[in-house]
Amino acid sequence: MPSVTWFEIPADDTGRAKAFYRDLFGWETTPFPVPFKDDFWMVSTGGGIGGDLFGREYAGQQMMLYIDVPSIEECLERVTALGGLVVAGKTPVPGMGYLAVCEDTEKNRFGLWENAP
């Protein structure tokens, strides 16, 4: 069964956000250098699900959950068949897998994740 595998937390002030989640939940953050974002941090929750925290990229950007699926292509077909919207199609994440971004029928965004073979 597909399940939540990753989350993203955008922040206007990443230092303040890191302190908030550390003090609230005990989550740890470590630098996560990637070529496509500055001020990017990996979040360790101590459980099976992890995430990242980064500088907000546009006004109103909200948290996003990624759901692990066996096939992004098949899931994207089902999203549209059920009245959802594909915001960003299957996109490679080098050395890791693939992601896509969708909206449900209520305009809530969520991500799909497919591990690399």
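**Side-chain contacts**

Colleague: Which side chain meets that of K90 in a salt bridge of 2.8 Å, N to O?

Modeller: A salt bridge requires a side-chain nitrogen of Lys or Arg within 4 Å of a carboxyl oxygen of Asp or Glu. K90 satisfies this at 2.8 Å, N to O, and its partner is E73.

Colleague: How many residues apart in sequence are the parts that K90 and E73 tie together?

Modeller: K90 lies in strand β6 (residues 85–93), whereas E73 lies in helix α2. Helices (H or I, at least four residues) and strands (E, at least two) are DSSP runs, numbered from the N terminus. The pair therefore ties together parts whose separation in sequence is 17 residues.

Colleague: What kind of model is this?

Modeller: Residues are numbered from 1 along each chain as its sequence is written, and side-chain values use heavy atoms, with hydrogens and water left out. Local features need pLDDT of at least 70, side-chain atom pairs count only at pLDDT 80 or more, totals for chains, interfaces and linings use all residues, and the model is predicted.

Colleague: Which residue forms a salt bridge with K90 at 3.7 Å?

Modeller: The closest N and O atoms of this pair are 3.7 Å apart, and the partner of K90 is E114. K90 lies in strand β6 and E114 in strand β8 (residues 109–115), so the pair ties together parts that are 24 residues apart in sequence. A network of salt bridges thus includes E73, K90 and E114.

Colleague: Is E114 buried or exposed?

Modeller: Buried means under 20% relative accessible area, exposed over 50%, and partly exposed in between (1.4 Å probe, protein chains only). The relative accessible area of E114 is 12%, so E114 is buried.

Colleague: Over the ring of which residue does the charged end of K90 sit?

Modeller: A charge sits over a ring if NZ of Lys or CZ of Arg is within 6 Å of the ring centre and within 35 degrees of the ring normal. The charged end of K90 is 4.3 Å from the centre of the ring concerned, that of Y98.

Colleague: Which residue forms a salt bridge with R56?

Modeller: The closest N and O atoms are 2.9 Å apart, in a pair of R56 with D12. R56 lies in the loop between β4 and β5 and D12 in the loop between β1 (3–11) and α1 (14–25), so the pair ties together parts that are 44 residues apart in sequence. R56 is partly exposed at 30% relative accessible area, while the partner counted as exposed, at 64%, is D12.

Colleague: How many aromatic pairs are there?

Modeller: Rings of Phe, Tyr and Trp (its six-membered ring) pair if their centres lie within 6.5 Å; planes under 30 degrees apart count as stacked, over 60 as edge-to-face and the rest as tilted. By this rule the count of aromatic pairs is 7.

Colleague: Which residue forms a stacked pair with Y21?

Modeller: F20 and Y21 are edge-to-face, with centres 5.0 Å apart and 90° between the planes. The stacked pair has its centres 5.4 Å apart and its planes at 10°, and there the partner of Y21 is W27.

Colleague: The backbone nitrogen of which residue does the side chain of S71 reach?

Modeller: S71 lies in the loop between β5 (64–68) and α2 (72–81). At 16% relative accessibility, S71 counts as buried. Its side chain reaches, at 3.2 Å, the backbone nitrogen of E74.

Methods. A polar contact is a pair of N or O atoms within 3.5 Å; within protein, one must be able to donate a hydrogen and the other to accept it, and residues adjacent in sequence count only if both atoms are side-chain atoms.
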